[in-house]
There are 2 protein chains.
Amino acid sequence: MSRSNRERTEATRQALITAGRRLFVDRGYAETPTPDIVTAAGVTRGALYHHFEDKKALFRAVVEQEAAAVALAIEAGSADVTTPRQALLAGASAYFDAMAVEGRTRLLLLEAPAVLGPFDMAALDGDHAEASLRSGLLDVVKGSRSEALLGPLTALLSSAFDRAALAIAGGGDRAGYEAAIALLLDGLTDELRR
Amino acid sequence: MSRSNRERTEATRQALITAGRRLFVDRGYAETPTPDIVTAAGVTRGALYHHFEDKKALFRAVVEQEAAAVALAIEAGSADVTTPRQALLAGASAYFDAMAVEGRTRLLLLEAPAVLGPFDMAALDGDHAEASLRSGLLDVVKGSRSEALLGPLTALLSSAFDRAALAIAGGGDRAGYEAAIALLLDGLTDELRR
DNA sequence: AATAAAACATACAGATTGTACGCAAATATG
DNA sequence: CATATTTGCGTACAATCTGTATGTTTTATT
């Protein structure tokens, strides 16, 4: 049985990422020693440090994969929408669905910002969701006074979405959070039309 | 020169907390070895482990002190206010002022949630600010339909405040964030009066 | 003054990270 | 196709860090 080098690399890389994800979610980044990761992946630390520069690089790969999955789910979830309002609410709902995957909020919203820093975090497409929100909000603020507030408004609401995702993942009342978000968006919309 | 035991304890505890704060802010919790902390504090690791159960306990003490300072500043900042709207906006402004102290956003909003967990974090008066916000929002939603959304709305806006504080600390445009928050609050107020 | 207890320093054991080195399988080269 | 070379990965090692155990000095107790 002989595998091509590319296959081998891809297989062990993914095994490490999968095992790492499992342990990072269960115990957190700091409390997860690399020996445990490689054991779970069925390799040795030699393989880990061959494919990744250090432990943090493996974590980054896990987070990147997770962020990509979220971006994909949102892309798919935002099918045909009618009004800007519907688009925003549907986007929020898709985001909550995507973030409902177990461990995802811990990885993306708690561990990653601290481990990678909010700087690396922004570069890492963590704001793909934010960009989507931004374009949705643009339809709302466009033409109004305070169109200049698009940036701050996007950041604020994005943060609110994250908080809602965290709360929902923690057993919070999803309907309540969705209603609250609708309220904020509707209020914002009205307020800009005076 | 002989100091009372209470004085000694208080002095070295505070020296450790101060040195720890400085290093945690500069390098982050994980990248700060205890030998560096005790050297900066002018003691040895023996003193550290005599006064704190472990490194995390020292970090917790730093965060507690920081959170208390924020709570105090907000308390003082919310002097005589007239309307609920003014109360909320003044509270936000006081919060931003308090969080503008260097390193505070990193400690309270980035490191602490990851190191202590959002669980310990909530218990740790991190939501003193949130409680204040909640009571301010109560005046807004009171009597309206969707009074039941007070909880989610508080969480969402609290998160938005945190994000604004982070952005401002990172050199963001404070006036823009304050305006955006005013917009959200005003919109919410109007929306509930229909 | 003598004893107890608290504050702290020193010494040590275990664990963890990253690196150096070695070997075997796969790919490149003539 | 044979040999050289690179790639994947396992093993061994050195440096560091954390927490504990043990000693020493200073303050409190009686």
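## Where the two chains meet

Let's start with the contact itself: 34 residues of chain A and 34 residues of chain B take part in it. Keep in mind throughout that this is a predicted model. The size of an interface is often given as the accessible area lost when the parts come together. Here, chain B and chain A bury about 2,800 Å² between them, and 72% of that area sits on carbon and sulfur atoms.

What about charged and polar pairings across the interface? Four salt bridges turn up between chain B and chain A. One of the pairs is Arg163(A) with Glu130(B), whose closest N and O atoms are 3.0 Å apart. There are also four residue pairs in polar contact between the two chains, counting those where both residues are at pLDDT 80 or more.

Now look at the side of chain B that touches chain A. Three helices of chain B, namely α6, α8 (150–169) and α9 (174–191), each put at least two residues into that side. The largest share comes from α9(B), with twelve residues. Sorted by class, this side of chain B has 20 nonpolar, nine charged and five polar residues.

## The fold of chain A

If you're scanning chain A for strands, you'll find zero, alongside nine helices. Reading from the N terminus, the order is simply α-α-α-α-α-α-α-α-α. The C-alpha trace of chain A spans about 70 × 35 × 30 Å along its principal axes.

## The second largest pocket

Rolling a probe the size of a water molecule over the atoms shows where empty space is left. The second largest pocket holds about 730 Å³ of space. Its lining is made up of 31 residues, and the ones nearest the centre of the pocket are Ala114(A), Val115(A), Ala30(B), Ala114(B) and Val115(B).

Which helix gives the most to this lining? That's α6(B), with ten residues. Helix α6 (104–126) of chain A and α6 (104–126) of chain B each supply at least two residues of the lining. As for its chemistry, the lining of the second largest pocket divides into 16 nonpolar, ten charged and five polar residues.

## A cavity in chain B

Besides pockets, the search for cavities of 30 Å³ or more comes back with one. The largest cavity contains about 40 Å³ of space. Lining this cavity are Arg85(B), Leu88(B), Leu89(B), Val140(B), Leu185(B), Asp186(B) and Thr189(B). The elements that give two or more residues to this lining are α5 (84–99) and α9 of chain B. By class, the lining of the largest cavity has four nonpolar, two charged and one polar residue.

## Salt bridges over all chains

Side chains of opposite charge can pair when their charged atoms come close. How many salt bridges does a search of the whole structure find? The count over all chains is 26.

One worth pulling up on screen is the salt bridge between Glu102(A) and Arg21(A), at 3.8 Å from N to O. This pair links distant parts of the chain, with the two residues 81 residues apart. Glu102(A) sits in the loop between α5 (84–99) and α6 of chain A, while Arg21(A) belongs to helix α1 (residues 5–27) of chain A.

## A serine with a positive phi

Most residues other than glycine have a negative phi, and most peptide bonds are trans. Against that background, have a look at Ser146(A), which is not a glycine and yet has a positive phi of about 55°. You'll find Ser146(A) in the loop between α7 (128–141) and α8 (150–169) of chain A.

Then check chain B. Ser146(B) has a positive phi of about 55° too, although it is not a glycine. Ser146(B) lies in the loop between α7 (128–141) and α8 of chain B.

Key. Residues are numbered from 1 along each chain as its sequence is written. Chains are lettered from A and ligands numbered from 1 in the order in which they are written. Side-chain values use heavy atoms; hydrogens and water are left out. On a 1 Å grid over the protein atoms alone, a cavity is a set of points where a 1.4 Å probe fits but cannot get out, and a pocket is an open set with protein on both sides within 12 Å along at least five of seven lines; lining residues have an atom within 4 Å of a point. Grid points are joined across faces, edges and corners, and a volume is the space filled by probe spheres set on the points. Helices (H or I, at least four residues) and strands (E, at least two) are DSSP runs, numbered from the N terminus. Ala, Val, Leu, Ile, Met, Phe, Trp, Tyr, Cys and Pro count as nonpolar, Asp, Glu, Lys and Arg as charged, and the others, Gly among them, as polar. Contact means heavy atoms within 4.5 Å. Buried area is the accessible area (1.4 Å probe) that two parts lose on being put together, summed over both. A salt bridge is a side-chain nitrogen of Lys or Arg within 4 Å of a carboxyl oxygen of Asp or Glu. A polar contact is a pair of N or O atoms within 3.5 Å; within protein, one must be able to donate a hydrogen and the other to accept it, and residues adjacent in sequence count only if both atoms are side-chain atoms.
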